[in-house]
Amino acid sequence: QLSLFRLTLKRLYSTSHPSVDLKEMKKFQRLAHKWWDEEGEYSALHSMNDIRVPFIRDTLLNMSSNYHLGNPLSGVKILDVGCGGGLLSEPLGRLGASVTGIDPLEDNIRTADQHKSFDPVLAKRIQYKSSSLEEIVEESMETFDVIVASEVVEHVADLETFIKCCSRVLKPEGSLFITTINKTQLSYVLGIVVAEKIMGIVPEGTHEWEKFVPPEELERLLESNGLSVKTVNGMLYNPLSGSWSWMESTSVNYAMHAVKSGLQGQSSPKDAPSEMESEQPSATAGTTM
């Protein structure tokens, strides 16, 4: 198995994977079997579903006139980039979406595949693939209605390439959802010193502050790749209760929603105001403040 991992790493040195970071791969390799342990290293990601899933669902419903009772995201094609063990792919699949989850680590995909196999409905709706984003671009041009990259952009080697690829596989007027960590003094203290070194909420070495992404920088990259940012919401993790809530400040964690411009080269203006007005309350509905 070790030689197989070395082979995988060797393959990732090729120029077709500029956004994959080998150091990051090694970090996540060690924890590939731990994804579904709700009390383990990924417990904060499990509880993040309480706010990120409604945020994605409600934003998409606010933009659409089609509503399927029980399966609100029925017919929506979602790409979950850096899907890990499938923690976000599964709830999106339960909402009716057709989900493709990709991750460069084969062990993550093995864990995700095994877990979805327990549910015959999910087994049909979700497809996992051990792949980088760059690898699927050519075969998936303008294929997906939605891309989610949750807790991923702070781990990629080349953010510009990553965003460019997201734009290319997204359909015109498609939605991109990103959650990540801001690059501030506070994010260093809370995200690395407290979360990793003091409280052990995530394993030490999970994050590098230099790779954190300020929302202004992310927005600039998105805009230059034909994506218009609609919403930026601050997120707060409470380590004592283990729960997430929305907040105004984006100084630590934040969620962003952007829409790719339409066929005429601009996003539809009719959606923007109503979405901005109605998205905030619906995204926070059902979360503990």
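## Leu95 and its surroundings

In this predicted model, Leu95 touches several residues that are not its close neighbours in sequence: Val53, Arg57, Asn71, Pro72, Leu73 and Ser74. Leu95 itself sits in a loop, the one that joins helix α4 (89–94) to strand β2 (98–103). Its relative accessible area is 15%, which is under the 20% limit, and Leu95 is therefore classed as buried.

A further link ties Leu95 to an earlier part of the chain. Gly70 stands 25 residues away from Leu95 along the sequence, and the two C-alpha atoms are 7.3 Å apart.

## The chain as a whole

The protein chain contains 11 helices and 8 strands. It has 289 residues, and 54% of them count as buried. The accessible surface amounts to about 13300 Å², with carbon and sulfur atoms contributing 54% of that area.

Contacts across the sequence can be described in a similar way. When contacts between residues at least 6 apart in sequence are considered, 72% of them join residues at least 24 apart.

## Helix α5 and its packing

Helix α5 spans residues 106–116, and its buried residues are Asp107, Asn108, Ile109, Thr111, Ala112 and Lys116. Which elements do the buried residues of α5 pack against? They pack against the helices α2, α4 and α6 (120–125), and against the strands β2 and β3 (126–130).

Helix α2, one of these partners, covers residues 22–29 and includes Glu24. Glu24 has a relative accessibility of 4% and so counts as buried. Beyond its neighbours within four places in sequence, Glu24 is in contact with Glu154, His155, Thr206, Glu208 and Lys211.

## The crossing of α8 and α10

Helix α8 comprises residues 159–169 and helix α10 comprises residues 215–224; their axes come within 9 Å and cross at roughly 45 degrees. An angle between 35 and 65 degrees falls outside the parallel and perpendicular ranges, and the two helices are therefore oblique to each other. The crossing is right-handed.

Which residues of α8 and α10 meet? On the α8 side they are Leu159, Glu160 and Ile163, and on the α10 side Glu217, Leu218, Leu221 and Leu222. Sorted by class, this contact holds 5 nonpolar and 2 charged residues, and no polar ones.

## Strand β5: Thr180 and Glu173

Strand β5 runs over residues 170–181, and Thr180 is found in this strand. Is Thr180 buried or exposed? With a relative accessibility of 0%, Thr180 counts as buried. Leaving out its neighbours within four places in sequence, Thr180 is in contact with Glu151, Val153, Glu154, Val213, Leu218, Val252, Asn253 and Tyr254. Leu218 is also one of the α10 residues that meet α8, and Glu154 is also a contact of Glu24. Phe212 lies 32 residues from Thr180 in sequence, with 7.7 Å between their C-alpha atoms.

Glu173 belongs to β5 as well. With a relative accessible area of 42%, Glu173 is partly exposed. Its backbone has a positive phi of about 70 degrees, although Glu173 is not a glycine. Most residues other than glycine have a negative phi.

## Glu151 and Asp145

Glu151, a contact of Thr180, is located in the loop between strand β4 (144–150) and helix α8. Its phi is near 60 degrees, again a positive value in a residue other than glycine. Glu151 has a relative accessible area of 15% and is therefore buried.

Asp145 is placed in strand β4. Its relative accessible area is 22%, so Asp145 is classed as partly exposed. Setting aside neighbours within four places in sequence, Asp145 is in contact with Gly75, Val76, Lys77, Leu170, Lys171, Gly174 and Ser175. The C-alpha atoms of Asp145 and Leu60 are 9.9 Å apart, while 85 residues separate the pair in sequence.

## Ser243 in strand β7

Strand β7 consists of residues 243–247 and includes Ser243. Ser243 is partly exposed, with a relative accessible area of 22%. How many residues apart in sequence are Ser243 and His46? They are 197 residues apart along the chain, and their C-alpha atoms are 9.5 Å apart in space.

Definitions and conventions
Residues numbered from 1 in each chain as written. Predicted model: local features only at pLDDT ≥ 70, side-chain atom pairs only at ≥ 80, totals over all residues. Heavy atoms only, no water. Axes fitted to C-alpha atoms, helices over the stretch in contact; angles between N-to-C directions. Helix = DSSP H or I, 4+ residues; strand = E, 2+ residues; numbered from the N terminus. Parallel < 35°, antiparallel > 145°, perpendicular 65-115°, else oblique. Left-handed = near helix turned anticlockwise from the far one by under 90°. Contact = heavy atoms within 4.5 Å. Nonpolar A, V, L, I, M, F, W, Y, C, P; charged D, E, K, R; others polar. Buried < 20%, exposed > 50% of the residue type's maximum accessible area, 1.4 Å probe, protein only. Areas by Shrake-Rupley, 256 points an atom, 1.4 Å probe, with all protein chains shown as cover.
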